[in-house]
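Subject: Structure handover

Hello,

Here is the structure I promised to pass on. Please open it first, then read the notes below.

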Amino acid sequence: MKSRADSEEDQTPALFSERPEWSDVVTVPQYETDTPIAPILYSPEYQDASDYFRAIVKSQEHSERVLDLTEHLIRLNPAHYTAWQYRYETLLALSSPFETELELMNELAVKYLKTYQVWHHRRLLITHLRTPQPELKFIERCLQVDSKNYHTWSYRQWLLSHFVDNEDLWRDELDFVENAIGDDVRNNSAWHHRHFVVFGCGVRPGDEDRARVARRELTFTKQTISLAPNNLSAWNYLRGVLDTMKLPYSLLTQFVKPYTVPLDPKRIDIVDLENPPPPPGAQLPCVHAIEMLADIHEQAGDKDNILQAVELWKSLANEHDTMRVKYWEHRIRDALNSR
Amino acid sequence: MVLIIQIKRLVADILSILRQFLWARFAKLGPPLLPSSEETSENSSSRRKMDEIQLPPFNRSGHAAHARRCMSALPRSQIELDASRLALAFYNLGILDLLGDLNDVTAPPQWQKDGWINWLWAQQTHGKYGSGFRPSPFMTLHPLESNLEYSDYDAPHLIMTYTALLALAILRDDFSKLDRSGLITFLRACQREDGSFMTTPKDGENDLRTLYCAFAISAMLDDWSGVDVERAKAFIASCRTYEGGYGQAPFCEAQGTRFQPKSEPFQCLRLITLSSAPRLLTGGTTYIAVASLYLAPSSTGSGPLTAIEKAQTVRWLVNNQTAVKDGEATLGGFAGRTGKPADSCYCFWCGAALKILKYDGLIETKPLALFLARCQFKFGGISKFEGEHPDPYHTYLSMAALSMYPPSPLLAEEKPESWKFPVLDPLLNARVETAEWAKKNISGKGQ
């Protein structure tokens with residue numbers, strides 16, 4: 001990790017103990033027992049900054065130079081949650097412009113994308129500033145760096161739910177998530193976000209007709225599956241739509257069947273938007289489709305259907321998904337016993 | 001825009017067909033219609049060969065040495081652990097506990113154990129929000145023996161408190177120094193209106209991990225007066241996702257773990273190699289949710305999950321075991337989220353959740369052990385996957401997974417006993433003897 005002294009201000013001494021404007025501070029050392037567990041062999045920069053930070057916290061100073069010190073410390077250890085906490089309190093005490101702070105965060109967030117504190121701090125700032133709109137672009141930039149980053153997606157969901165009545169903020173969200181899935185159909189975070197947008201946070205204007213929304217979601221998901229059938233994220237979403245809307249799995253029978261058998265090279269495609277067929281060259285049969293078809297049969301519940309489900313589970317156990325042989329055997333036992 | 005996406009998809013499709021064709025032609029992997037390696041279809045002859053795949057010995061002494069090195073000192077590249085040192089202590093002691101290295105002839109001398117116990121108790125701190133443990137003395141403003149009240153910036157930390165109690169139980173401390181009523185006050189100070197818990201009373205991260213710690217502490221105390229169980233359960237329910245797993249907070253994707261930053265390459269102490277800052281207790285949010293629900297005292301006659309919920313969660317968990325073919329071997333580690341690669345720590349998080357739900361019989365132990373065998377670093381320690389640097393977090397959780405899912409002794413030609421571990425308590429995440437000691441001595445009721 002590069003300290004700020006390395007990268008920006010070569011003329012500023014690296015250590016606070018060498019800076020005349022800090023000479024009034026009596027440092028507080030780190031106290032330890034004689035037998036510490038996992039002591040860290042600190043760098044001189046970190047030890048110096050920590051000594052001064054403890055002193056500042058002890059004297060309860062909230063001044064401009066505290067912002068310098070905490071930024072320095074955070075760059076050396078972005079997981080230093082007390083430095084973040086004290087920095088935020090100092091910003092409040094000084095009525096420091098949050099816009100400037102947000103600019104600094106734009107740099108730090110990308111640098112420390114996987115640090116909780118970076119995102120927590122940002123939430124505090126945006127809660128005060130109430131400027132969610134530019135955040136969408138910022139989040140897109142972060143997702144370009146790491147398209148599955150958990151914090152980034154959580155932040156977007158927080159933003160949208162925190163400003164749930166902001167129609168401008170929400171307007172293009174479905175397009176955004178459609179693009180994200182288009183970029184990578186296996187990005188489960190994007191699928192999860194779609195469920196949040198469509199079902200997780202109230203009903204958006206224009207989406208009041210829930211039956212139409214369900215049809216739209218099923219069509220979208222089936223189309224995506226028809227491009228890349230062996231994609232568990234899409235199949236899970238398909239189940240999620242049906243479960244959420246309390247619709248029977250049998251709605252999918254016609255769509256699922258062609259995915260459960262080897263590809264017929266001589267087949268002639270009929271354009272059927274509701275039941276898009278597997279693509280040429282697809283790796284079939286698809287495990288997730290067989291599982292789905294078995295679940296359809298199990299839901300039907302009568303003896304013939306259960307036996308058909310059992311045959312499908314057997315094919316998964318013995319041939320198509322041998323890693324989960326014990327799971328499929330469990331499903332067979334379970335279905336036969338509950339009859 | 002839609003047109004561009006469609007063109008993109010078409011190009012991707014054509015490329016994938018081409019790739020399959022080339023593979024089939026040149027790698028002699030058979031026709032492209034066969035499922036790919038990730039879908040793990042294999043015929044019986046290759047399965048027969050798989051049975052011949054042998055496990056290498058489990059490098060017990062190397063992993064113990066890794067834990068002991070990390071106990072003695074960490075290089076400056078690990079500065080990010082400053083605010084979570086106690087969790088690291090727990091993982092290191094947990095490694096030694098599972099290896100049986102704290103009681104046998106190679107055990108550290110008692111004076112060393114007493115030194116560790118001293119350091120752990122020195123982190124217990126008291127003040128206006130009650131008592132608990134801090135991560136390390138990194139923000140302590142007064143000498144440790146001064147016994148002054150903590151400031152708002154050195155308050156106890158909920159995750160560190162859970163790990164401290166287990167670390168002390170591993171060292172068989174008698175907990176006579178534990179401030180039990182202060183601990184109850186502290187738990188109350190951390191719970192929020194929505195039922196979740198903050199890491200520290202004033203501020204801090206709040207997600208399912210902290211809730212689990214509050215529940216585990218209450219279970220060890222055998223006293224639930226510090227938490228509002230029903231509100232906490234409602235928070236857990238709000239984190240459930242359509243996939244059947246749990247996210248860290250309402251609306252969040254179901255997952256295993258929370259990732260923390262990767263550290264820079266080491267500049268000194270080359271022997272200690274950690275891949276990344278160990279997560280503060282971490283994740284496996286689905287484990288965390290399930291374990292919390294099963295730790296909680298039941299208020300009604302019904303189980304913590306409905307039959308449908310349980311079936312959906314089990315399905316999500318078993319689907320996370322991902323098969324990767326490597327020559328004749330099938331490696332079967334667990335992923336933390338749908339569509340992600342396997343990582344050794346999820347072998348624990350997913351495996352332990354299945355164990356709690358009593359579906360541990362559904363797991364194939366051989367591919368799991370073969371995956372974990374590959375994660376062993378040659379100088380000791382286990383990494384998240386092959387080729388990464390090890391750390392105590394992945395080392396401990398891999399061993400904890402093996403204690404629940406031991407491979408058949410027939411699999412290892414050489415030193416099959418090296419793969420044997422004591423039984424684990426999946427709810428508290430410690431070996432059974434340690435969990436029993438914790439419950440007896442932390443509650444103070446068994447003394």
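A residue is called buried here when its relative accessible area is under 20%, exposed when it is over 50%, and partly exposed in between. One caution before the findings: this is a predicted model.

**Helix α11 of chain A**

Start with this helix, residues 188-200 of chain A. Twelve of its 13 residues are buried, so α11(A) is largely enclosed by the rest of the structure. The buried ones are A:Asn188, A:Ser189, A:Ala190, A:Trp191, A:His192, A:His193, A:Arg194, A:His195, A:Phe196, A:Val197, A:Val198 and A:Phe199. What do they pack against? The buried residues of α11(A) pack against five helices of chain A: α8 (150-162), α9 (167-170), α10 (173-183), α12 (210-227) and α13 (232-244).

Two histidines in this helix deserve a look.

- A:His192 sits in α11. Its relative accessibility is 4%, under the 20% cut-off, so A:His192 counts as buried. Beyond its sequence neighbours within four places, A:His192 contacts A:Gln157 in chain A. On the chain B side, A:His192 is in contact with B:Thr241, B:Tyr242, B:Phe251, B:Cys252, B:Glu253 and B:Ala254.
- A:His195 belongs to α11 as well. Its relative accessibility is 11%, and A:His195 too counts as buried. Setting aside neighbours within four places in sequence, A:His195 is in contact with A:Gly200, A:Tyr237, A:Gly240 and A:Thr244, along with B:Tyr242 from chain B.

B:Tyr242 therefore appears in both contact lists, that of A:His192 and that of A:His195.

**Chain A as a whole**

Chain A has 17 helices and zero strands. Its radius of gyration is 28 Å, well over the 20 Å that the globule rule gives for 339 residues, so chain A is more spread out than a compact globule. Its C-alpha atoms fill a box of roughly 85 × 50 × 40 Å along the principal axes.

How much of the chain A sequence counts as buried? The share is 57% of the 339 residues. Consider next the contacts with a separation of 6 or more: in chain A, 63% of these link residues 24 or more positions apart. The accessible surface of chain A is about 14,400 Å², and carbon and sulfur atoms hold 52% of that. Chain A carries 38 positive and 52 negative charges, and the mean positions of the two sets are 7 Å apart.

One backbone detail in chain A is worth checking. The peptide bond joining A:Leu284 and A:Pro285 is cis, with omega at about 0°. A:Pro285 lies in the loop between α14 (253-256) and α15 (287-300).

**Chain B as a whole**

Chain B has 15 helices and six strands. Buried residues make up 62% of its 447 residues. Of the chain B contacts with a separation of 6 or more, 69% are between residues 24 or more positions apart. The accessible surface of chain B is about 16,800 Å², with 57% of it belonging to carbon and sulfur atoms.

**Places to visit in chain B**

Helix α6 covers residues 158-170. It has 13 residues and reaches 19 Å from its first C-alpha to its last, close to the 18 Å expected at 1.5 Å a residue. Here 13 of the 13 residues are buried, so α6(B) is largely enclosed by the rest of the structure.

What follows α6(B)? B:Arg172 does, and its phi is positive. The value is about 55°, although B:Arg172 is not a glycine. This residue lies in the loop between α6 and α7 (180-190) of chain B. At 29% relative accessibility, B:Arg172 counts as partly exposed.

B:Lys358 is another residue that has a positive phi without being a glycine, here about 65°. It lies in the loop between α12 (344-356) and α13 (365-374) of chain B. Is B:Lys358 buried or exposed? B:Lys358 is exposed, with a relative accessible area of 70%.

Last, B:Ala214 in helix α8 (residues 208-221) of chain B. Its relative accessibility is 0%, and B:Ala214 counts as buried. Apart from residues up to four places away in sequence, B:Ala214 touches B:Leu158, B:Leu187, B:Phe197 and B:Val227. B:Ala214 and B:Thr365 are 151 residues apart along the chain, and their C-alpha atoms are separated by 32 Å.

Best wishes

Definitions and conventions
Residues numbered from 1 in each chain as written. Chains lettered and ligands numbered in written order. Predicted model: local features only at pLDDT ≥ 70, side-chain atom pairs only at ≥ 80, totals over all residues. Heavy atoms only, no water. Helix = DSSP H or I, 4+ residues; strand = E, 2+ residues; numbered from the N terminus. Rg over C-alpha atoms; globule rule 2.2 N^0.38 Å. Buried < 20%, exposed > 50% of the residue type's maximum accessible area, 1.4 Å probe, protein only. Contact = heavy atoms within 4.5 Å. Areas by Shrake-Rupley, 256 points an atom, 1.4 Å probe, with all protein chains shown as cover. Lys, Arg positive; Asp, Glu negative; His and termini not counted. Charge placed at Lys NZ, Arg CZ, Asp CG, Glu CD. Expected span 1.5 Å × (residues − 1).
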